[in-house]
Amino acid sequence: MLTQTTTRVLDPGELGAALAILESEPVANAFVTSRVQAAGLDPWRLGGEMWGWYADGRLRSLCYSGANLVPICATPEAVRGFADRARRAGRRCSSIVGPAEATRQLWRLLEPSWGPARDVRLNQPLMVTEEPSRDVRPDPRVRRIRKAEINVIMPACVAMFTEEVGVSPLAGDGGLLYQARVAELVAAGRSFARIEDGKVVFKAEIGAATSQACQIQGVWVAPEFRGQGLSETGMAAVLRYALADVAPVVSLYVNDFNTAARASYRRVGFREVGAFMSVLF
């Protein structure tokens, strides 16, 4: 029996079908799901195209193509279709990121034409929890950042991004897009920090949020305060906010070589349930 397959950009009217796929894996897909729920499938509002892979006329897999290239519930056949489309379009993203198996296959197909990458992080454990920390007391000084404090939190955000990614978010457009994203999270009440004497000591954000799951990102402790357990008490505080106000499942992903962070998150109550992979350009 022959199976007819095709890959194309989704129409706005296919929102329901796209959400059905996205919501089938609410934790792994939280980042893209949150964007689609807020913006729909219109590329201008979404900040990129949503590609669909169809078999016998039915939508089976997705791939978000914007600042990041993200395979979603992608079968090996779908990955090959997405790779062909990405190769023809040329690289426009700053990273490829997603579930490790599909992302690894996608990068293997794209590397001959898109490589070399600046960095490849093959194994980034995906961690989740559904309950507040039992063993770590939340830091009572960690709170939501107010809109008037955007200039206080911004230097810490830039420092975190630069340490984590290896390049400054202020490069290129002078940081306009990055500052807009930080401001968006602050306005949404999803930016948290402990501030002492006008300086950020600890910070983290809930970067993606749906009714089913949310994802913590941007965890950072000022260098002079590291080694004092502030990442654990701070994370326990953010986790408490996330579970109470945002979603019943909280997730994050971390580099496998960051053994200290992984141990810290486990002490707060997170467990590893899978792995992501990132290719940085």
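Two strands count as paired here if DSSP finds at least two bridges between them. With that in hand, here are the close-ups, all taken from a predicted model.

**View 1. The whole sheet, strand by strand.** Twelve strands make up an open sheet with mixed pairing. Reading across, the order goes β1-β2-β3-β4-β5-β12-β6-β11-β10-β9-β8-β7. The edges belong to β1 (5-9) and β7 (143-144), each of which has pairing on one side only. Helix α2, residues 30-39, packs on this sheet and touches β2 (49-55), β3, β4 and β9 (199-209). The direction of α2 makes about 70 degrees with that of β9. Helix α8, residues 176-187, also packs on the sheet, where it touches β8 (191-196), β9 and β10 (214-221). For α8, the angle with the direction of β9 is about 85 degrees.

**View 2. The β3-β4 hairpin.** β3 (residues 58-65) and β4 (residues 68-72) run antiparallel and are joined by four bridges. Two residues make the hairpin connection from β3 to β4. Two facing positions are worth picking out: L62 stands opposite I72 of β4, and C63 stands opposite P71 of β4.

**View 3. β4, a strand well tucked in.** Five of the five residues of β4 are buried, so the rest of the structure largely encloses this strand. In a regular strand, side chains alternate between the two faces of the sheet. Here, N68, V70 and I72 point one way from β4, while L69 and P71 point the other way. Both sets are buried. β4 also runs parallel to β5 (residues 95-99), with two bridges joining them. In that pairing, N68 sits opposite S95 of β5.

**View 4. From β4 to β5 by way of α4.** Together, β4, α4 and β5 form a β-α-β unit, and the unit is right-handed. The helix in question, α4, spans residues 76-89, and its axis comes within 9 Å of that of α5 (residues 100-114). These two axes cross at roughly 30 degrees, which makes α4 roughly parallel to α5. The crossing of α4 past α5 is right-handed. On the α4 side, P76, V79, R80, F82, A83, A86 and R87 make the contact. The α5 side brings A102, Q105, L106, L109, L110, S113 and W114.

**View 5. What α2 packs against.** Which residues of α2 are buried? Look for A30, V32, T33, S34, V36 and A39. The buried residues of α2 pack against α1 (15-22), α3 (43-46), β2, β3, β4 and β9. Just after the helix, G40 has a positive phi of about 75 degrees.

**View 6. α1 meets α2.** The axes of α1 and α2 come within 10 Å, with a crossing angle of roughly 155 degrees. The two helices are therefore roughly antiparallel to each other. α1 passes α2 in a left-handed crossing. At this meeting point, α1 brings L15, L19 and L22, and α2 brings V32, T33, V36 and Q37. V32, T33 and V36 are also among the buried residues of α2.

**View 7. The β9-β10 hairpin.** Six bridges hold the antiparallel pairing of β9 and β10. The hairpin from β9 to β10 goes through four residues. If you want one pair to follow by eye, take K203, whose bridge partner in β10 is W220.

**View 8. β10 and its parallel neighbour.** Six of the eight residues of β10 are buried, so this strand is largely enclosed by the rest of the structure. Its pairing with β11 (residues 250-253) is parallel and runs over two bridges. Which residue of β11 is the bridge partner of Q215? That would be S251. Helix α9 (residues 230-245) joins β10 and β11 in a right-handed β-α-β unit.

Conventions. Residues numbered from 1 in each chain as written. Predicted model: local features only at pLDDT ≥ 70, side-chain atom pairs only at ≥ 80, totals over all residues. Heavy atoms only, no water. Contact = heavy atoms within 4.5 Å. Axes fitted to C-alpha atoms, helices over the stretch in contact; angles between N-to-C directions. Buried < 20%, exposed > 50% of the residue type's maximum accessible area, 1.4 Å probe, protein only. Right-handed = clockwise from strand over helix to strand, strands pointing away. Parallel < 35°, antiparallel > 145°, perpendicular 65-115°, else oblique. Left-handed = near helix turned anticlockwise from the far one by under 90°.
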